[in-house]
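I record here what I looked up in one structure, entry by entry. The sequence and the structure come first.

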2 protein chains.
Amino acid sequence: MNIALAQCNFTVGDIAGNAAKLLSFARQAKAEGAEIVVFSELALTGYYPMDLLDEPWFVARQEAALNEVATASAAIGVTLVFGAATASTKGYGKPRYNSLVVAENGRIAAVYHKQLLPTYNIFDEARHFEPGSESLVWALNGVKIGFLICEDGWNEDGAQYQANPWEGVRGADLVIAINASPSDIGKPKRREQLFTRLAAKYALPLVYVNQVGANDSIVYDGHSFACNSDGTVRARMAGFAEDLRSVQFDLPSRSFAPALAAPFDDTREAFMFAQLTLGIRDYVAKTGMKTVVVGSSGGIDSALVLALAALAIGPENVTAITMPGPYSSPGSVLDSRALCENFAIELLEWPIGGGFDWALGAFEAAVGEAPSKLTRENLQARLRGLALMAYSNHRGALVLSTGNKSEMSVGYATLYGDMNGGLNPLGDLYKTEVYALAQWINRSFPATPIPAAILEKAPSAELAPGQKDEDSLPPYPVLDEILKYQIEGERLPHEEYQQARHFVSDLLANGQEALVKRVWQMVAKSEFKRRQAPPIIRVRARAFGSGRQMPVAAKY
Amino acid sequence: MNIALAQCNFTVGDIAGNAAKLLSFARQAKAEGAEIVVFSELALTGYYPMDLLDEPWFVARQEAALNEVATASAAIGVTLVFGAATASTKGYGKPRYNSLVVAENGRIAAVYHKQLLPTYNIFDEARHFEPGSESLVWALNGVKIGFLICEDGWNEDGAQYQANPWEGVRGADLVIAINASPSDIGKPKRREQLFTRLAAKYALPLVYVNQVGANDSIVYDGHSFACNSDGTVRARMAGFAEDLRSVQFDLPSRSFAPALAAPFDDTREAFMFAQLTLGIRDYVAKTGMKTVVVGSSGGIDSALVLALAALAIGPENVTAITMPGPYSSPGSVLDSRALCENFAIELLEWPIGGGFDWALGAFEAAVGEAPSKLTRENLQARLRGLALMAYSNHRGALVLSTGNKSEMSVGYATLYGDMNGGLNPLGDLYKTEVYALAQWINRSFPATPIPAAILEKAPSAELAPGQKDEDSLPPYPVLDEILKYQIEGERLPHEEYQQARHFVSDLLANGQEALVKRVWQMVAKSEFKRRQAPPIIRVRARAFGSGRQMPVAAKY
């Protein structure tokens with residue numbers, strides 16, 4: 001049996017476009033000999049459509065597309081397996097299931113309803129869906145196929161849910177799992193290891209198809225695969241790109257013929273690069289934009305954002321604006337120029353001194369005294385934010401903000417100033433990781449180096465004379481370990497967690513309790529800023545945004 | 001049996017403060033003769049603590065407070081009934097229940113776990129809690145008491161959940177329900193009607209205790225009550241304020257002695273006023289602020305926000321800033337002055353012309369051409385936003401933004417400009433409701449009128465010569481009906497829904513399909529602005545924020 005894995009990049013909400021893409025992939029798979037073609041979870045709506053699922057017109061539109069695809073299956077002459085929302089007939093609970101649909105010969109041949117609905121971290125499926133309660137094993141050309149939908153396969157140790165849908169597909173010849181499994185550090189390999197382990201445990205050959213592409217903050221990495229009943233991977237599809245490839249399943253031996261297996265990214269930085277460039281590219285495209293603009297301070301964060309943007313969507317679609325102010329070092333402009341020359345990025349220069357002078361005078365005239373130090377600092381950041389937004393309005397360019405996770409954690413960022421933007425690419429990278437990724441880019445793309453001066457200077461907001469980040473914050477290697485422990489804790493990869501935990505234990509043992517508490521209070525007190533921050537591309541298991549939902553008007 | 005209803009305003013996360021308040025109310029109830037004192041749902045953590053529930057230190061802190069309260073029950077000499085998170089022993093699923101705890105004689109005497117977990121609209125309990133599966137009827141001094149926690153009582157027609165916890169307390173002498181039931185238009189009365197109807201259906205006397213106070217966007221109105229087994233209300237507590245009152249329950253007759261019954265607000269505007277002033281007051285207090293600042297344009301929105309703020313926290317804690325620009329009418333400053341005089345609000349004047357001139361020149365120097373019309377308009381709004389934030393930074397005053405629901409729906413607001421603020425009080429009022437509430441204030445508080453000139457002028461952003469809102473938008477009475485239909489639909493109160501539906505049907509029948517579509521596209525395209533908006537005080541059943549979660553990088 002020839003099975004095609006269709007790893008598509010769907011756009012959330014674009015039902016007509018997604019259905020057209022699905023049919024186009026199906027036709028190509030048929031042309032290449034496929035008998036069955038497998039797509040990802042909620043393929044017609046894209047994952048995750050959020051409260052669009054509650055809109056009657058949206059549900060009706062998906063229903064129409066579902067019927068259209070089923071009808072088209074006859075002419076194409078393949079069996080299609082894909083995810084769609086379908087109506088519940090339970091008579092209570094949520095009105096719809098998150099389902100897997102088998103379409104062939106012009107009709108819907110079988111439907112399976114997802115049993116385990118993830119409702120944690122970035123997932124919120126219990127908000128919209130009713131869980132299914134029955135497994136499905138369905139025969140195609142003599143092959144008994146069992147089905148799973150994403151979370152169904154993740155209850156390995158029985159701790160998350162009472163049911164274990166793997167049990168329900170025992171006895172099948174083959175399992176097909178459709179998924180929308182987002183990626184974070186280590187996830188692609190960890191996911192495959194989990195599923196191959198379980199395939200081996202239940203002695204079931206497995207076809208695993210994942211969504212690819214970015215939707216808002218969340219990036220899906222693809223890496224669809226097929227493995228034998230002993231867990232041996234026989235095919236793996238591309239990471240971070242659409243892909244369509246077939247595997248040949250032999251029923252007597254219940255095994256797949258070997259096929260190409262695309263590699264995983266070999267380093268953490270390679271992963272981050274792939275995650276962030278896809279995140280930027282898709283956010284720009286799916287919001288209907290073409291170009292981006294970034295405030296270039298001459299510092300490492302904006303340099304990295306510019307580099308990522310240029311490598312993601314081409315330097316011709318990227319504009320930098322250097323906005324020197326009264327406390328900017330000469331390097332602010334000079335290093336921005338060197339960077340933009342290296343990357344062939346257009347650089348505009350918009351000094352803010354005149355605006356700052358106006359604001360200082362106007363403030364004193366209105367309020368009757370000179371503005372405080374904090375006020376003066378934020379004024380400069382907000383004048384820069386205003387300049388970026390003016391360019392954005394004028395040219396239709398998306399502003400990328402440049403705050404990293406260390407800054408976003410402790411609120412070392414100006415709301416309506418440097419936080420301005422439609423998307424924040426670095427908000428899930430600690431400052432120490434920003435350096436590591438910049439250095440990786442310099443090694444990997446030697447033709448477009450980030451200037452050494454930018455990598456070497458001491459971090460500074462340059463909003464006051466001689467200011468350095470370390471005047472207000474602990475050194476980043478210290479801060480980052482505390483933050484990892486406080487914000488992510490046990491959700492960190494095991495080794496990172498052990499390291500952060502020991503680091504904080506040592507601090508506490510060495511009389512640094514006040515420092516640890518101060519960091520936590522900075523995190524708590526800046527929740528109001530994060531609530532208004534642009535979407536952050538998720539890179540780690542616990543990212544700001546839907547993954548960490550905290551109250552603002554609270555005391556803790 | 002003397003039962004005290006303790007309607008408290010808890011602060012989310014402030015476990016020590018909440019426990020102290022709980023014990024203080026309990027002591028007072030005991031002094032007034034109570035045998036049993038009933039608090040609201042999740043009393044120790046406040047409702048809703050969000051992902052604080054996932055923090056080990058937070059859970060441990062609540063556990064300690066729970067034991068402290070249980071211990072204190074001996075010395076106080078009453079039975080305490082209150083909500084707390086407790087550990088699940090199921091071995092799978094979420095680690096905690098949303099529980100009701102009975103504490104007396106220094107120990108925890110009984111625990112009941114909430115069975116129905118709301119996971120829709122603003123509710124997200126399945127994210128944190130495991131549902132209970134057993135009802136509890138527990139005897140105190142010969143009275144068999146059944147328990148419900150909030151959503152447990154709302155499955156009236158069986159459409160929402162499979163279980164109906166009312167069935168599980170059949171046979172009790174009395175039911176105690178602890179709740180954190182938020183208020184929106186019509187909700188206080190509707191809630192009481194539902195519960196009294198069900199009390200009568202199951203022939204059960206009922207004590208219903210609700211939380212009061214605002215947490216972030218959500219306001220809880222209190223209105224706790226007690227009713228007899230025929231549904232007759234025998235006591236009702238204050239709306240929108242803390243209250244502590246006892247009811248006398250007679251076992252032989254299974255009825256309450258009559259007590260004071262506080263009235264409901266008699267009009268929609270009175271409700272909005274109560275909701276918004278409590279929302280403002282609590283947000284300011286619970287974020288640790290004291291004062292607010294509002295940009296005063298001379299228009300109706302900022303006038304209403306200033307009036308609400310002055311009436312909520314006192315005019316001495318409110319500052320207005322008028323920021324005339326090149327296209328401001330004389331009324332912008334003059335009407336602001338009249339308003340602030342009427343309300344005894346400090347008014348500062350910060351003209352933005354100088355900043356605007358600088359920005360125009362700097363833009364042209366940087367970009368090489370003059371800014372577009374949209375860019376020029378947004379520049380003015382952002383200079384004003386910058387001025388407000390400068391004052392906020394300098395004085396520690398919370399900025400209140402002034403966008404109404406009509407504007408927030410269609411994106412008729414400048415991100416990082418007039419949208420700036422820590423809280424948006426009007427974001428759930430349509431423009432037509434803004435007028436109605438302003439007029440209600442003038443009738444209800446004749447000593448502090450909003451000037452007639454402000455009520456009478458045509459709405460204008462005054463960002464371009466002669467500009468009126470109706471140049472860009474349909475007239476508000478038309479726009480608001482379309483928006484009600486598109487955004488809230490069947491979640492509207494029935495009559496409002498019928499009206500909006502007919503209004504839109506008539507538009508479509510009269511060839512206005514393009515208008516209806518244009519409004520919807522404006523709503524969809526401005527999702528990115530709402531994602532970064534400050535919290536909006538929720539007033540209607542479907543408010544922007546957690547109540548309406550839509551994707552940004554999407555096509556629909």
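**Entry 1: a pair of helices**

I looked up how H14(A) and H16(A) cross, and the crossing is right-handed. I noted that the model is predicted. The contact draws on Val478(A), Leu479(A), Ile482(A), Leu483(A), Gln486(A) and Ile487(A) from H14(A), and on Leu515(A), Val516(A), Val519(A), Trp520(A) and Val523(A) from H16(A). I sorted these contact residues by character: 10 are nonpolar, one is polar and none is charged.

I then turned to the geometry of the pair. Helix H14 of chain A covers residues 476–488, and helix H16 of chain A covers residues 513–525. They pack at an angle of about 65°, and their axes lie 10 Å apart. Angles of 65 to 115 degrees count as roughly perpendicular, and H14(A) and H16(A) are therefore roughly perpendicular to each other.

**Entry 2: the two chains**

I asked what turn lays chain A on chain B. A turn of 180° with a shift of 0.0 Å along the axis does so, with an RMSD of 0.0 Å. I recorded this as the relation of a two-fold axis. In chain A, the C-alpha nearest the axis belongs to Gln532(A), at 2.1 Å from it. I also found that 100% of the interface residues of chain A are interface residues in chain B too, so the copies meet through the same surface.

**Entry 3: an annotated site**

I consulted UniProt, where an unreviewed entry places the feature "binding site" at Gly295(A), Ser296(A), Ser297(A), Gly298(A), Gly299(A), Ile300(A), Asp301(A), Ser302(A) and Thr402(A). These residues span 108 residues in sequence, yet no two of their C-alpha atoms are more than 11.9 Å apart, so they gather at one spot. I located Gly299(A) in the loop between strand E16 (292–295) and helix H6 (300–313) of chain A.

Terms used. Residues are numbered from 1 along each chain as its sequence is written. Chains are lettered from A and ligands numbered from 1 in the order in which they are written. This is a predicted model: local features need pLDDT of at least 70, side-chain atom pairs count only at pLDDT 80 or more; totals for chains, interfaces and linings use all residues. Side-chain values use heavy atoms; hydrogens and water are left out. Axes are lines fitted to C-alpha atoms, for helices over the stretch in contact, and angles run from 0 to 180 degrees between N-to-C directions. Helices (H or I, at least four residues) and strands (E, at least two) are DSSP runs, numbered from the N terminus. Angles under 35 degrees count as roughly parallel, over 145 as roughly antiparallel, 65 to 115 as roughly perpendicular and the rest as oblique. A crossing is left-handed if the near helix is turned anticlockwise from the far one by less than a right angle, and right-handed if clockwise. Contact means heavy atoms within 4.5 Å. Ala, Val, Leu, Ile, Met, Phe, Trp, Tyr, Cys and Pro count as nonpolar, Asp, Glu, Lys and Arg as charged, and the others, Gly among them, as polar. Copies are superposed by least squares on the C-alpha atoms of residues with pLDDT of at least 70 in both. UniProt positions are given in the numbering used here, feature names are shortened, and annotations may be inferred rather than shown by experiment.
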